[in-house]
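Open the model in your viewer and keep the sequence panel visible. The tour moves from a single residue to a helix, then to a helix pair, and ends with the whole chain.

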Amino acid sequence: DSQTTAFLLRKHWVLYSVTPLYKFSSAHLKVYAKLLSAFIAAEKQKGLAVEVGVELDIKVAVTSLPDLKGSDQDEAAILVQLSLRSQASQKKSEEKLVWSGWFCSVCGDDLSKNMPEDFTCLPVFLANGAESYTSIVGSWFQKTFDCCFHRLAISPLNLSWMAAMWTGCKVDETASAMELVFSVPHLPQSLDILYAIHPEDAKALWDTVQKTPGEITQEEVDVFMDCLYSHFHRHFKIHLSSTKLVKVSTAIASAHCDGIIKFLQSQYVIEVLMLLTELAISQIQ
């Protein structure tokens, strides 16, 4: 649903893995919003008690996104939004969204199938906004639902998988080039190499490598990357295999090794979230 995913697109989301939430219920989202609002106000006032339900300068909304899941077994995604409003006005139109974060599980059956009923599995958390708000919101969820947040880094191996998978996706003719960023190690000053490939050339190469449409193997990903490395070496005499892949950008999405993702195509959001869920579950386990 493009309307559901519109708020996700073209923003930098910082990735976290989250252990199962204890005694979390999607039926109590409005209550959670009030409690979180009071917690944020208390943190801003250095721990002074704040009455639950009082109108505050930070408005908290906690809502469900039932369309953002990959299977019937998945829990509905949960969106948390913080809006800033002036004390002089209570009009919704004058509220300014300052932070967003959301929990999701897309085809996360491996984690949820053996989970006791008191636990809710939403292993991926994505945040957009000031890190101070991320810290406060994360702290409240950890204290309230006995869960743990960890930054979710993306390894060069997983980035190469993303490059191959997203290259094989069909996009319109105006698709941007696929870009790979490599970091050169052991230098006094940091040095990155940007390698841009025309999307049609990248897809043509992938089509020659992939043996079974719809299925991808590690061998195919390795061959795909080796071909790109060989082409680059032929022109610039640089061995990219001696560097570190730190970022992948395609028409589908972009991902950085520090755990930062940007969604660019609404029709492929679920596919990207499936991979992120798999990565988050592997870190939790």
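**Stop 1: A33**

Select A33, which is buried, with a relative accessible area of 9%. The model is a predicted one. The cut-off for buried is under 20% relative accessible area, so A33 qualifies. A33 is part of helix α2, which spans residues 29-44. Next, show what surrounds A33: setting aside neighbours within four places in sequence, its contacts are V60 and V62. Then add K23, ten residues from A33 along the chain, and draw a distance between the two C-alpha atoms; it comes to 16 Å.

**Stop 2: helix α6**

Move to residues 199-209, helix α6, and colour A202, L205, W206 and V209, the buried residues of this helix. Turn the view to look down the axis of α6: these buried residues fall within an arc of 100°, so they line one face of the helix. An α-helix has 3.6 residues a turn, so residues three or four places apart point the same way. Which residues are exposed on the other side of α6? Select E200 and T208 to see them.

What do the buried residues of α6 pack against? Display α5 (156-167), β9 (178-183), β10 (192-197) and α7 (218-236), which are their packing partners.

**Stop 3: α5 against α7**

Keep α5 and α7 on screen and hide the rest. The two helices pack at an angle of about 85°, and their axes are 10 Å apart. Roughly perpendicular covers angles of 65 to 115 degrees, so α5 is roughly perpendicular to α7.

Now show side chains where the helices meet. From α5, select L157, S160, W161, A163, A164 and T167; from α7, select Q218, V221, F224 and M225. Coloured by residue class, this contact shows seven nonpolar residues, three polar and no charged.

**Stop 4: the whole chain**

Zoom out and colour by domain. The domain assignment gives domain 1 as 3-151 and domain 2 as 156-257. Place a centroid on the C-alpha atoms of each domain, and the two centres are 34 Å apart.

Switch to a cartoon view, where the secondary structure of the protein chain comes to eight helices and 13 strands. Along the principal axes, the C-alpha atoms fill a box of roughly 65 × 45 × 35 Å.

Finally, colour by accessibility: of the 285 residues in the protein chain, 44% are buried. For a contact map, take contacts with a separation of 6 or more; residues 24 or more positions apart account for 66% of them.

Terms used
Residues are numbered from 1 along each chain as its sequence is written. This is a predicted model: local features need pLDDT of at least 70, side-chain atom pairs count only at pLDDT 80 or more; totals for chains, interfaces and linings use all residues. Side-chain values use heavy atoms; hydrogens and water are left out. Domain bounds come from an automatic or database domain assignment. Buried means under 20% relative accessible area, exposed over 50%, partly exposed in between (1.4 Å probe, protein chains only). Helices (H or I, at least four residues) and strands (E, at least two) are DSSP runs, numbered from the N terminus. The arc is that of the directions from the helix axis to the C-beta atoms. Contact means heavy atoms within 4.5 Å. Axes are lines fitted to C-alpha atoms, for helices over the stretch in contact, and angles run from 0 to 180 degrees between N-to-C directions. Angles under 35 degrees count as roughly parallel, over 145 as roughly antiparallel, 65 to 115 as roughly perpendicular and the rest as oblique. Ala, Val, Leu, Ile, Met, Phe, Trp, Tyr, Cys and Pro count as nonpolar, Asp, Glu, Lys and Arg as charged, and the others, Gly among them, as polar.
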